[in-house]
Amino acid sequence: MGAMSMPDKPNDEAAAVDGSRRAFLAGAGAAAVAGLTATACSTTATGKPDLASTNASAAGATASAPQPAASQPSVTQPAVGQTAASTVAFGGTHQAGVLLDPAPAGLVAAFDVVTTDRAELVDTLQRLSVEVERLMANRPPEQADEFLPPVDSGIIDADTGTAGVAITMAVGASLFDDRFGLADRRPRELIAMPRFFNDGLVRSELSDGDLSLTISAPNQQAAVFALHQAVRVSGRRLRLRWVQEGYNQLLPDRPGQIAPARNLMGFRDGTSNLDTGGVEQMQQHVWVQVGDDEPDWAVGGSYQASRVIRMLLEFWATAALVRQEQIFGRHRDTGAPLGQLSEADEPAFATDPDDVTIPQRAHTRLANPRTPGTGQILRRGFSYLNGADANGELDQGLLFVCYQRSLASGFLDVQSRLNGEPLEDYIKPVGGGLFFVLPGPGDGVDRWLGRTLFDL
């Protein structure tokens with residue numbers, strides 16, 4: 001490609017200062033939320049959640065909120081102007097949120113565990129599990145006396161509900177330090193997010209964490225409500241480290257369409273993704289299996305990579321369309337590989353590695369070279385907008401999330417191939433983290449996320 005005149009890039013130092021200011025304000029707000037009284041789950045005389053009672057209530061629901069048979073998802077009748085959404089199953093071998101289609105709204109939140117007491121950490125995970133199950137089942141909370149603080153914020157009510165909300169819980173490498181006696185139970189590939197070639201703006205306060213929650217929802221209000229409730233029931237034992245909201249403008253279903261949405265650069269996102277309906281594909285590429293040289297407790301879990309990637313869209317807008325398409329390796333309007341007509345067409349290099357229709361350093365070619373032995377990832381993501389930076393430029397981009405059986409053959413391998421790609425001139429990662437998605441809670445009465453980790 002020939003050289004082209006490019007405008008100055010944003011002032012990175014000023015953007016970092018502005019980001020730190022926003023992070024401080026976000027932290028102050030989180031601290032205020034964390035001070036709310038944790039009253040949303042049943043407790044025993046010892047102050048611990050009564051899981052048997054809570055789950056029994058879930059199995060034999062009240063008349064006002066009947067529970068469906070295990071094989072049939074419940075459906076909430078929509079209010080005027082809304083569409084129906086099915087509830088998401090909590091139990092099972094895997095966390096269901098991993099396999100859901102991209103949602104209109106969501107967020108990723110990472111927490112530091114404040115307590116150093118192992119029993120309190122267990123209790124916190126149990127309380128979170130009770131609340132996660134309730135939210136995903138669209139079950140209303142048991143209301144407190146009117147002279148006590150309310151059990152929720154009230155921003156979601158009986159007419160709106162939480163049907164369609166999914167919450168995926170994962171743990172970071174820092175949880176396996178010497179605080180809780182878990183050092184020998186760390187998943188083999190779980191590490192802090194390493195610095196890559198293009199990570200000059202990544203900041204520690206926007207990265208990593210002991211625990212993460214990935215929330216997807218039919219709308220942003222429901223996603224934020226779910227985060228409120230998670231903070232509320234944690235009893236000041238978790239402190240928000242960073243949170244990034246996101247959204248998707250889902251494309252209408254049309255013949256030949258594959259990708260569910262477009263990113264903020266205008267290109268379809270998710271064309272060559274894994275098929276979550278393929279059980280063998282999920283076992284091969286997403287879920288940790290017996291014999292994977294991982295701790296026994298980790299079977300059924302998955303590695304998660306989350307990246308907050310700022311897009312320099314004012315700069316991107318100065319590039320000619322032909323250059324934008326060469327950088328991605330696809331036509332912007334149709335999503336077809338360069339030289340092809342349909343989004344579903346295989347790129348020419350899949351059968352002829354020497355074909356030059358798609359440039360050798362195009363994003364499509366590097367991210368998924370389609371060569372034998374190349375690992376694949378299940379990618380999810382959201383667009384985001386965080387306002388403007390100190391230069392008056394929009395702080396917006398991609399909240400990237402992906403799941404894989406192995407980080408080494410998944411995200412880390414993909415990232416190593418992408419280092420130095422032309423797209424790097426227009427994007428700047430600012431945060432994120434690597435986490436391990438806990439195996440599903442099972443189907444027993446006493447079920448909670450993290451039980452296998454603690455052998456309880």
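Q: Which residues have the most contacts inside the largest nonpolar core?
A: In this predicted model, the largest nonpolar core has 72 residues. Nonpolar side chains tend to be buried together in soluble globular proteins. The residues with the most contacts inside this core are Ile167, Met265, Trp316 and Phe411.

Q: Which helix gives the most to this core?
A: The core in question is the one of 72 residues. One helix, spanning residues 220-233, gives 8 residues to it, and that is the most. The helix is α4.

Q: How many residues are in the other core, the one with Leu206 and Trp287?
A: This core lies apart from the largest nonpolar core. Its members include Leu206, Trp287, Phe382 and Val437. The number of residues in it is 21.

Q: Which residues does Phe411 touch, not counting residues up to four places away in sequence?
A: Phe411 is one of the residues with the most contacts inside the largest nonpolar core. Its partners are not restricted to nonpolar residues, since Arg307, Gln404 and Ser406 are among them. The full list is Met193, Phe196, Ala305, Arg307, Ile377, Phe400, Cys402, Gln404, Ser406 and Leu434.

Q: What percentage of the residues in the protein chain is buried?
A: The protein chain has 456 residues, with 9 helices and 12 strands. A residue counts as buried when its relative accessible area is under 20%. Buried residues make up 50%.

Q: Among contacts between residues at least 6 apart in sequence, what percentage joins residues at least 24 apart?
A: Contact here means heavy atoms within 4.5 Å. Of the contacts in the protein chain between residues at least 6 apart, the share that joins residues at least 24 apart is 76%.

Q: How many residues apart in sequence are the parts tied together by the aromatic pair of Trp297 and Phe436?
A: This aromatic pair is edge-to-face, with 5.6 Å centre to centre and 75° between the planes. Trp297 lies in the loop between α5 and β9, whereas Phe436 lies in strand β12, so the pair ties together separate parts of the chain. Trp297 and Phe436 are both buried. The separation in sequence is 139 residues.

Q: Which residues form one aromatic cluster with Trp316?
A: The whole structure holds 10 aromatic pairs. Trp316, which is also one of the residues with the most contacts inside the largest nonpolar core, belongs to an aromatic cluster. The other members of the cluster are Phe267, Phe315, Phe328 and Tyr426.

Q: Which residue is linked with Asp123 and Arg127 in a network of salt bridges?
A: Arg127 and Asp123 form a salt bridge, with the closest N and O atoms 2.9 Å apart. They both lie in helix α3, 4 residues apart, about one turn of the helix, and both are buried. The residue linked with them in the network is Arg237.

Q: Is Arg379, the salt-bridge partner of Asp269, buried or partly exposed?
A: The closest N and O atoms of Asp269 and Arg379 are 2.8 Å apart. Asp269 lies in strand β8 and Arg379 in strand β10, so the pair ties together parts that are 110 residues apart in sequence. Asp269 is buried because its relative accessible area is 18%. At 22%, Arg379 is partly exposed.

Q: What is the relative accessibility of Asp389, which forms a salt bridge with Arg310?
A: The closest N and O atoms of this salt bridge are 2.7 Å apart. The pair links distant parts of the chain, Arg310 in strand β9 and Asp389 in the loop between β10 and β11, 79 residues apart. Arg310 is buried, with a relative accessible area of 6%. Asp389 also counts as buried, and its relative accessibility is 7%.

Q: Which residues does Ser129 touch, not counting residues up to four places away in sequence?
A: Ser129 is in helix α3. Its relative accessible area is 1%, so Ser129 is buried. The residues it touches are Phe90, Trp448 and Leu449.

Q: Which residues make a nonpolar surface patch with Leu385?
A: Leu385 is found in strand β10. It counts as partly exposed because its relative accessibility is 48%. The patch is about 270 Å², and the residues that make it with Leu385 are Tyr247 and Leu394.

Conventions. Residues numbered from 1 in each chain as written. Predicted model: local features only at pLDDT ≥ 70, side-chain atom pairs only at ≥ 80, totals over all residues. Heavy atoms only, no water. Patch = residues over 30% accessible without salt bridge, like charges linked within 9 Å, V, L, I, M, F, W, Y side chains within 5 Å. Areas by Shrake-Rupley, 256 points an atom, 1.4 Å probe, with all protein chains shown as cover. Salt bridge = Lys/Arg side-chain N within 4 Å of Asp/Glu carboxyl O. Helix = DSSP H or I, 4+ residues; strand = E, 2+ residues; numbered from the N terminus. Buried < 20%, exposed > 50% of the residue type's maximum accessible area, 1.4 Å probe, protein only. Core = buried A, V, L, I, M, F, W, Y, C linked by side-chain atoms within 4.5 Å. Phe/Tyr/Trp six-rings, centres within 6.5 Å; stacked < 30°, edge-to-face > 60°.
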